[in-house]
Amino acid sequence: MSAPTYVTDTLIAEDIDAYLARHQHKTMLRFITCGSVDDGKSTLIGRLLYDSKMIFEDQLAALESDSRKQGTQGQEIDFALLVDGLAAEREQGITIDVAYRFFNTESRKFIVADCPGHEQYTRNMVTGASTADLAVILIDARKGVLTQTRRHTYLCHLLGIRHLVLAVNKMDLVGYDQVTFDAIVADYLHFAASIGIDHFTAIPISGFKGDNVTAESVNTPWYHGPSLIEHLDTVELDATTDQTKPFRMPVQWVNRPNLDFRGFAGLIAAGTVKPGDAVRVLPSGKTSTVERIVTLDGDLDQAAAGQAVTLTLADEIDCSRGDVLAAADAPPEVADQFEATLVWMADEPLHVGRAYWLKLGTQTVSATVQQPKYTVNVNTLDQLAAKTLELNAIGVAELACDKPLVFEPYADSRTLGGFILIDKLSNATVGAGMLNFSLRRAQNVHWQALDVTREAHAALKRQKPAVLWFTGLSGSGKSTIANLVEKKLHALGHHTFLLDGDNVRHGLNKDLGFTEADRIENIRRVGEVAKLMTDAGLIVLTAFISPFRADRDLARSMLPPGEFIEVFVDTPLDVAEARDVKGLYRKARSGQLKNFTGIDSPYEVPHMPELRIDTTRESSEAAAERIVDYVLGARAEMWMPTI
Ligand SMILES: Nc1ncnc2c1ncn2[C@@H]1O[C@H](COP(=O)(O)OS(=O)(=O)O)[C@@H](OP(=O)(O)O)[C@H]1O
Ligand SMILES: Nc1ncnc2c1ncn2[C@@H]1O[C@H](COP(=O)(O)OP(=O)(O)O)[C@@H](O)[C@H]1O
């Protein structure tokens, strides 16, 4: 095989338009390099960049002088310096973030993600691997297959990378010995097969000397396969494979410049599409026919996976951002409960039962994750029992969404099976996940349409249902005020029910304690019960500390707008502690009671409660009056009962 010719120009050397024009016909391969510092990952990438002349002259000059200064490779160029951009990283000798580099050959453009090798950077590696077509797993020929080789391979496989290259590096240091190479390959083959990998390409290389990297090496006459760059240049791309699958296009946005044109724009995730093809809009299931395929360069007769297009349909059907257009006869599934594999990416662990935003392509829903079925020890691949997922943990759990998702298992489609979880308050990405399958549960349990509706229940009681959600520290006055409010409402002929923390914890929630996870579950259940009670037409009062904002917000989200009234009983800690109605603060201070709210367990104050009661200024009686006025006042006037 002859080595591909490199493109020798650099970006600054020519006009950007000419550059783009010259490269636009090229296909793109995204790949990731895995291995630890000592395996020579940065050196290898540095060499690929250097040999493809994708380094600017000023960088080159700096590189040569840096190489001499650091003296890591004698008088020779240390390619790793080119890649290990961060100063801290150079000092520590580790690659800490995902760095993306670009280079190209005559036929392909490449984006390489240089991912850190250490276990504490699993999340970074997952980020890089999730979009890669190929992974280069580097092994030091002197060391062979190590724990981290197995970990990286497992992660790459988990993240759906179909092409694996086992680059046995530093062959120069083992005298280019074939026996060493063969033994490593046999060892790796054994492991790869055990986790379901059926093929990989093994190449003996020296990133430092250049053997089999960008050209065949004379030092390995026993090796007859391609050099690394030849392999990267010819390996089949995911987009090519995806074209043979049924058509799918998540709708990115609806293009409606005037009344005569309505197009659905998106990136085709799989398959091909032609005018005249029957398509189905999901989740609604409505069908239509493709009329035109519009692009900036004019209409197309056909488009395929990887292309960004705008489709117009023959019928005026509902379709908006987040919907998926698919082949009418082979649509993806729609479901709201799944088993998924999750990678936890936040310092704060997963909160079982808490609602997160789940973003899958253009679809966003609210989702809760259940206790993991197990987590995977990424070094031994053992499955372990776990209550939650900590930073960098990988686990399998069930999750439930508040709305159906159009999806495919991740193994079939990264686009329709891969998702991220976002913390609703901080907006930070806390996890990444892969949908494994839908749970039939959701499909077989249908909402039962009740003849006596919630409106009918409420109308008979002549009241607008509501949840008065009292929140505040222990001893703040929640129970006292809620009791008074209930008495007043009752006296006025209203149908009410008070759910009190102490009482519910003796029955429905007697299995729960005061850990963060248990409090989340406590509030989730109370939210569900309160919602059912409003369905029955009641005015519900709840008196729980409910210390976490996200959980109160979840309870709020279960109800129609205006029905959830958050009452923040705002009593400073020192005042509540001085009252110490139940003697619990004293116990907490003396260490007899752990996880006590305000002492060694947090309380997140509401940002925008409907009502705030400062019990140091307002008597319980006055507060109760004010709350009753609010519930029966402006809110109620707007409401006319209908049966
Ligand atoms: N560790 C710890 N922290 C806080 N509270 C404790 C704890 N242990 C027992 N108790 C008693 O339980 C009551 C709070 O239960 P809640 O269900 O309201 O708590 S939470 O909403 O789940 O946080 C609370 O009642 P109130 O004082 O009425 O708030 C306490 O009496
Ligand atoms: N303005 C007020 N509102 C409510 N409670 C008050 C007020 N002032 C003093 N208290 C006293 O504070 C204590 C609150 O206890 P409790 O209602 O059981 O609180 P929580 O249910 O929040 O734990 C009661 O002893 C109550 O008499």
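In this predicted model, ligand 1 is surrounded by 19 residues, of which Ser-474, Arg-505, Arg-519, Asn-522 and Ser-546 come nearest. By class, this shell holds 7 nonpolar, 6 polar and 6 charged residues. Helix H16 (residues 516–535) supplies the largest share of the shell, with 3 residues.

Oxygen atoms of ligand 1 make the polar contacts in this table.

| Residue | Part of the residue | Distance |
|---|---|---|
| Ile-545 | polar backbone atom | 2.8 Å |
| Ser-546 | polar backbone atom | 2.8 Å |
| Lys-582 | N or O atom in the side chain | 2.9 Å |

Ligand 1 on its own exposes 630 Å², and the protein buries 92% of that area.

One of the nearest residues, Arg-505, also lies over the face of Phe-514, at 3.9 Å from the ring centre. Elsewhere, the charged end of Lys-424 is placed over the ring of Trp-357, 4.1 Å from its centre.

The whole structure contains 9 aromatic pairs. Among them is the tilted pair of Phe-181 and Trp-222, with 5.4 Å from centre to centre and 45 degrees between the planes. Phe-181 belongs to helix H8 (residues 178–194) and Trp-222 to the loop between strand S6 (201–204) and helix H9 (228–234), so this pair ties together parts 41 residues apart in sequence. Phe-181 and Trp-222 are both buried, and ring pairs link them with Tyr-223 into a cluster.

Another pair, Trp-344 and Tyr-356, is edge-to-face because the ring planes stand at 70 degrees, with centres 5.8 Å apart. Trp-344 is in strand S17 (residues 333–344) and Tyr-356 in strand S18 (residues 355–360), so the pair ties together parts that are 12 residues apart in sequence. Trp-344 and Tyr-356 are both buried.

Methods:
Residues are numbered from 1 along each chain as its sequence is written. Chains are lettered from A and ligands numbered from 1 in the order in which they are written. This is a predicted model: local features need pLDDT of at least 70, side-chain atom pairs count only at pLDDT 80 or more; totals for chains, interfaces and linings use all residues. Side-chain values use heavy atoms; hydrogens and water are left out. A residue is near a molecule or strand if one of its heavy atoms lies within 4 Å of it. A polar contact is a pair of N or O atoms within 3.5 Å; within protein, one must be able to donate a hydrogen and the other to accept it, and residues adjacent in sequence count only if both atoms are side-chain atoms. Accessible areas come from the Shrake-Rupley method with a 1.4 Å probe; for residues, only the protein chains shown count as cover. Helices (H or I, at least four residues) and strands (E, at least two) are DSSP runs, numbered from the N terminus. Ala, Val, Leu, Ile, Met, Phe, Trp, Tyr, Cys and Pro count as nonpolar, Asp, Glu, Lys and Arg as charged, and the others, Gly among them, as polar. Rings of Phe, Tyr and Trp (its six-membered ring) pair if their centres lie within 6.5 Å; planes under 30 degrees apart count as stacked, over 60 as edge-to-face and the rest as tilted. Buried means under 20% relative accessible area, exposed over 50%, partly exposed in between (1.4 Å probe, protein chains only). A charge sits over a ring if NZ of Lys or CZ of Arg is within 6 Å of the ring centre and within 35 degrees of the ring normal.
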